[in-house]
Amino acid sequence: MPARALLPILLLCVLLRQAEGAFRGQRRTQRTQLPTEIKVCEKPTNIYMCRRRCEYHQECQANNICCSTFCGNICMSLL
């Protein structure tokens, strides 16, 4: 292939890559942001909940949040 044909192909690849990255960035901002700090649990807890330990919100399953209790940080349901 001549060198003149490679430059437009390279430019097209770069533009497509940037458009893909911009689309992914928009999807990330649409998600619900969890609080970054661990707060005290608002719901009452029992000793059986102490088995679900965590350090970050991302360690908990969906609809759960990491919060602080008498036995440390645990995953607790938001519902």
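**Figure 1. N64 and its partner across the strands.** In this predicted model, N64 faces S77 of strand 3. Strand 2 covers residues 64-69. Strands 2 and 3 run antiparallel, and 6 bridges join them.

**Figure 2. The hairpin between strands 2 and 3.** A hairpin leads from strand 2 into strand 3. How many residues does the hairpin use to join these two strands? The link consists of 2 residues. Strand 3 itself spans 72-77.

**Figure 3. The open sheet and its edges.** The sheet is open and holds 3 strands. Their order is 1-2-3, with mixed pairing. Strands of a sheet pair through backbone hydrogen bonds, in either a parallel or an antiparallel way. Which strands stand at the edges? They are strand 1, at 39-40, and strand 3, at 72-77. Each has a single partner strand, so one side of each lacks a neighbour in the sheet.

**Figure 4. The order of elements along the protein.** The protein contains 1 helix and 3 strands. Read from the N terminus, the elements follow the pattern α-β-β-β. The helix therefore precedes the strands in this α-β-β-β run.

**Figure 5. Burial, contacts and surface.** The protein has 79 residues, and 19% of them are buried. Take the contacts with a separation of 6 or more: 36% of these link residues 24 or more positions apart. The accessible surface of the protein is about 7000 Å². Carbon and sulfur atoms account for 58% of that surface.

Conventions. Residues are numbered from 1 along each chain as its sequence is written. This is a predicted model: local features need pLDDT of at least 70, side-chain atom pairs count only at pLDDT 80 or more; totals for chains, interfaces and linings use all residues. Side-chain values use heavy atoms; hydrogens and water are left out. Two strands pair if DSSP finds at least two bridges between them. Helices (H or I, at least four residues) and strands (E, at least two) are DSSP runs, numbered from the N terminus. Buried means under 20% relative accessible area, exposed over 50%, partly exposed in between (1.4 Å probe, protein chains only). Contact means heavy atoms within 4.5 Å. Accessible areas come from the Shrake-Rupley method with a 1.4 Å probe; for residues, only the protein chains shown count as cover.
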